[in-house]
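Student: Could we go through this structure together? I'd like to know what stands behind the words people use for it.

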Amino acid sequence: MKCLIKNGRVIDPASGTDDTLDILIEKGKIAEIKSRIESSNIRTIDASRLVVAPGLIDMHTHLREPGREDKETILTGSRAAAKGGFTSIACMPNTYPVNDNAGVTRYILTEARKTNLVNVFPIAAVSKNSESRELTDMADLVRAGAVAFSDDGLPVADSQIMRRALEYSKPLNKLIIDHCEDMSLSANGVMHEGFYSTLFGLNGIPSSSEEVLVARDIILAEKAETSVHIAHISTKGSVYLLRRAREKGIRVSAEVTPHHLLLDDSLLETYNTNLKVKPPLRNKEDMAALLEAVKEGLIDAFATDHAPHTPDEKNVEFDNAPFGINGLETAVSLLLDKFVTKNILSLEDFIRMFSTNPARLLRLEGKGEIKKGADADLTLLNLRKEILVDPNKFESKSRNTPFTGWKLKGRPEMTIVGGRIVYSARP
Amino acid sequence: MEEKIKARVMDSRKINRSLARMTTEIIERNRDLNNLVVVGIRTRGIYIGKRISKLIKDLEKVNTPVGVLDITLYRDDFSELEAQHMVKKTEIKFSVTDKDVLLIDDVLFTGRTIRAAMDSLFDLGRPRSIQLLVLIDRGHRELPIRADYVGKFLPTSKREMVQVRLKEVDEEDEVLITEPAGIE
Amino acid sequence: MGFSHKHLLGIQHLSEDDILSILDTAESMAEISTREVKKVPTLRGKTVINLFFEPSTRTRSSFELAAKRLSADILNFSLQASSVTKGESLRDTVLNLEAMNPDAIIIRHAYSGAPHFVSTFCRSHIINAGDGSHEHPTQALLDAFTIRQEKKKIKGLKILIVGDILHSRVARSNIFLLNKLGAHVVLVGPPPLLPSIFTSLNVEVSHDFDKACIDADVLMMLRIQRERQEKYFFPSIREYRELYTLSKKRLKKAKPDAIIMHPGPLNRDVEIATDVADSVQSVILKQVENGIAIRMAVLYLLLGGKSREMSD
């Protein structure tokens with residue numbers, strides 16, 4: 001039950017650690033962290049030239065089970081997460097049935113336990129059937145194991161429901177995560193509204209569709225004296241609203257996906273349905289504003305918005321394709337290659353946004369930090385190894401990635417959950 | 001493709017002489033010149049046609065109308081991939097039905113152009129007769145077609161090319177035998 | 001020289017030479033339709049499929065006649081656009097048709113990019129007969145052909161495109177084409193149907209039809225769909241008519257020899273006054289006639305036009 005990770009460069013933003021250290025794991029917990037721990041008779045993992053990070057956490061994943069097991073299951077999604085370097089994932093409630101009652105929450109937790117891979121944390125619906133009409137039994141859901149609330153896939157469309165959810169959930173101390181989209185402004189849009197939607201003749205989703213709800217949520221959170229979290233922020237205007245709110249001391253947090261940082265709407269020229277996501281890929285100016293906000297620390301977390309779909313669903317006309325792309329198995333390498341190895345973002349910030357902060361936002365005890373007594377959830381990163389994105393090698397059931405063929409430097413080398421190796425890139 | 005000139009077989013004088021000779025033959029053979037119409041095949045057939053029409057007028061004071069035929073749409077070798085052939089307009093402003101059509105081309109080779117031209121003519125009407133005039137007959141026929149009036153028989157090899165140049169489009173009148181150059 | 005594209009998906013990626021070679025070829029094709037025997041054997045043995053997922057009589061029959069005048073065999077399929085949930089996918093429909101070995105598939109679809117999607121897995125030549133709000137290349141080509149026929153040039157002309165620009169594939173294809181040929185394009189319509197972003201397509205945008213009419217050489221009116229009213233794009237047909245109908249009075253502000261165009265079908269007295277539609281300045285029926293020549297040219301250039309230099 002003991003295990004030693006030796007000579008790794010341990011980076012823990014929570015404690016400000018960045019040092020070559022050995023970590024002793026005992027009974028699934030971190031037992032000791034020192035510059036040199038005796039290694040006789042203990043299973044030892046040589047982590048020299050590797051980065052040892054607190055286990056990465058994806059706070060925005062769609063696992064599709066129950067209901068759409070043809071797209072993904074808790075098992076395949078967990079495998080994808082482990083391979084992608086994640087020790088914990090939080091899964092959104094838009095399953096069939098919707099995770100709006102304790103039964104579904106418990107089902108997800110039971111199935112996740114059987115897979116025995118990564119930690120799966122269910123996010124429950126804010127409203128029954130995510131229809132924005134009645135609140136879910138929030139306390140009951142928390143007791144069953146829900147870590148946060150969201151109607152993701154859909155916004156909490158009714159402002160009164162949003163207000164009440166923010167108020168009611170306060171004593172529960174759980175985050176409300178909103179997919180900010182004014183559906184009447186999105187209408188039948190399929191891509192960002194702008195120059196390229198004009199050129200390609202595709203119906204546009206204006207930036208205002210997101211910004212109107214970001215503004216509303218900020219106002220409601222302020223009045224309710226509570227916090228709110230903006231899922232997959234995508235526009236320059238939303239960044240502006242976020243900055244203003246933070247300056248006023250309003251507790252609003254936000255996450256951003258790798259694809260919104262790396263891809264823009266001009267790419268849709270090919271009508272490739274693997275570029276169809278919600279919120280849509282915005283323009284280069286939005287991308288720049290998002291990156292700036294990441295560097296400033298304004299955006300708290302990275303999240304994948306892993307949205308698996310079957311090839312048949314995506315192999316259709318652009319308008320007919322569902323929104324969403326695969327994310328778990330590409331996110332870490334994308335960010336390491338495009339930002340960390342290019343010195344745009346420090347390794348520490350990368351880890352803060354993909355582990356420390358998500359753990360804090362989702363109130364996950366013992367996660368997101370490397371300290372004595374914390375869960376032995378660790379992600380080992382290799383910054384020198386290159387990967388080639390090949391969807392046919394995905395652990396996920398889905399193949400819907402726009403990054404096929406991308407060569408990326410930096411990869412998850414080993415994923416350790418509760419002291420157990422659940423994934424290793426080593427042969 | 002680079003070309004090498006092997007011989008200059010006709011010059012302006014020779015071309016004019018053979019056009020004059022053929023005109024006499026046409027007049028002899030066609031009692032009713034008023035029923036004769038000239039149809040030149042693009043591109044050089046048009047200019048030969050115009051010259052013949054003028055010669056007939058000079059000799060017999062009869063106006064023979066000249067039409068232009070583009071046979072691109074009637075070719076039989078479409079699927080043979082290569083550079084695209086631009087379609088140009090067929091401009092025949094008179095009816096060919098019951099006329100004696102004098103069809104004119106510069107060089108007669110495989111006979112396929114003439115086959116296409118005759119198909120095309122029949123889509124425009126039903127001529128009483130079709131006669132064929134060419135400046136050069138270079139042999140190598142692939143179809144049972146022969147010319148009624150020939151300026152010059154010119155035995156050639158298949159590799160060689162015959163170029164008729166007319167001053168209306170090519171600066172001067174001449175007929176050249178050329179060969180693709182640079183094949184080692 | 002020559003047209004080297006495998007498909008005709010849109011105007012946007014054609015060069016000026018490509019466009020001119022289609023227009024010039026169409027000149028020759030127009031002559032065939034004036035003959036007693038309106039048929040040439042050029043595409044004998046070729047099979048063309050008309051695959052229409054939207055109702056259309058004009059474009060479909062125009063392509064059909066074009067194919068027939070070139071002696072190609074043509075099959076017509078009119079289907080309802082299948083949604084995700086019901087019926088066969090577009091991919092399956094097309095793969096089934098491809099199994100019948102056609103040489104070209106002409107596709108009309110309610111979704112932008114559908115022909116591009118089809119071209120990614122098809123062996124046949126794909127011709128876009130209108131996709132969503134994206135492009136309608138043969139319409140723009142026949143419009144240009146008609147303008148050239150009437151005005152003997154396109155460069156420098158002031159050409160107005162009026163109406164629901166946002167949702168119009170005809171407008172987009174015409175903007176691309178007329179820009180490439182050097183026309184001065186002015187778009188006119190109510191702001192929701194003509195967002196200012198259109199200026200980035202290198203055209204002028206106006207919301208004042210009366211003013212825009214001054215000195216216009218060509219007035220291209222677009223069909224206005226009543227459904228747009230339900231989506232708040234404009235308040236009422238009555239008000240639309242007030243502001244954007246081409247009336248006699250407005251027409252007088254244009255050049256005296258200005259021509260009036262419309263891709264059809266007409267909403268008389270909605271986007272165009274009926275006396276204007278039937279006036280001598282209207283070339284609407286010539287557009288229809290020229291459509292056949294343009295589509296013959298497109299079929300010829302894609303399917304037939306390749307050959308070695310004739311050897312005699």
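Student: What makes Lys68(C) and Glu64(C) a salt bridge?

Tutor: This is a predicted model, and in it the closest N and O atoms of Lys68(C) and Glu64(C) are 2.9 Å apart. The cut-off is within 4 Å, between a side-chain nitrogen of Lys or Arg and a carboxyl oxygen of Asp or Glu. So the pair counts as a salt bridge.

Student: Why are Lys68(C) and Glu64(C) separated by about one helical turn?

Tutor: Because they sit four residues apart in helix H2 (residues 58-69) of chain C.

Student: And how do you know which of the two is buried and which is partly exposed?

Tutor: Buried means under 20% relative accessible area, and partly exposed runs from there up to 50%. Glu64(C) has 16%, so it is buried. Lys68(C) has 36%, so it counts as partly exposed.

Student: What makes Lys54(B) exposed and Asp58(B) partly exposed?

Tutor: Exposed means over 50%. Lys54(B) has a relative accessible area of 52%, so it passes that mark, while Asp58(B), with 43%, is partly exposed. These two also form a salt bridge, with their closest N and O atoms 3.4 Å apart. Both lie in helix H2 (residues 44-60) of chain B, four residues apart.

Student: What about chain A: why is Arg163(A) called partly exposed?

Tutor: Its relative accessibility is 34%, so it falls between the 20% and 50% marks. Its salt-bridge partner is Glu167(A), at 3.0 Å from N to O. Glu167(A) is partly exposed too, at 29%.

Student: How many salt bridges does the structure hold?

Tutor: There are 72 over all chains. Between chain C and chain A, though, the count is zero.

Student: Then what is there across the interface of chain C and chain A?

Tutor: Five residue pairs in polar contact, with both residues at pLDDT 80 or more. On the side of chain C that touches chain A, the residues divide into nine nonpolar, twelve polar and two charged. In contact terms, 23 residues of chain C meet 17 residues of chain A. The two chains bury about 1700 Å² between them, 59% of it on carbon and sulfur atoms.

Student: How do you know that chain A and chain B do not touch?

Tutor: Contact needs heavy atoms within 4.5 Å. For these two chains, even the nearest C-alpha atoms are 28 Å apart. Of the two pairs of chains in contact, chains B and C share the most contacts.

Student: Why is strand S3 of chain C called largely enclosed?

Tutor: Because six of its six residues, 104-109, are buried. Ala104(C), Ile106(C) and Arg108(C) point one way, and Ile105(C), Ile107(C) and His109(C) point the other way. In a regular strand the side chains alternate between the two faces of the sheet.

Student: Which strands pair with S3(C)?

Tutor: Strand S1 (residues 47-52) of chain C pairs with S3(C) in the parallel sense over five bridges, with Ile49(C) opposite Ile105(C). Strand S4 (residues 125-131) of chain C runs parallel to S3(C), also joined by five bridges, and there Ala104(C) stands opposite His125(C).

Student: Last one: what makes Thr156(B) buried, and what does its side chain join up with?

Tutor: Its relative accessible area is 14%, so it is under the 20% cut-off. Its side chain makes a polar contact of 3.1 Å with the side chain of Arg138(B). Thr156(B) is in the loop between strand S6 (149-153) and strand S7 (161-165) of chain B.

Note on methods: Residues numbered from 1 in each chain as written. Chains lettered and ligands numbered in written order. Predicted model: local features only at pLDDT ≥ 70, side-chain atom pairs only at ≥ 80, totals over all residues. Heavy atoms only, no water. Buried area = accessible area lost by both parts, 1.4 Å probe. Polar contact = N/O pair within 3.5 Å; in protein donor to acceptor, adjacent residues only side chain to side chain. Nonpolar A, V, L, I, M, F, W, Y, C, P; charged D, E, K, R; others polar. Buried < 20%, exposed > 50% of the residue type's maximum accessible area, 1.4 Å probe, protein only. Helix = DSSP H or I, 4+ residues; strand = E, 2+ residues; numbered from the N terminus. Pairing = 2+ DSSP bridges.
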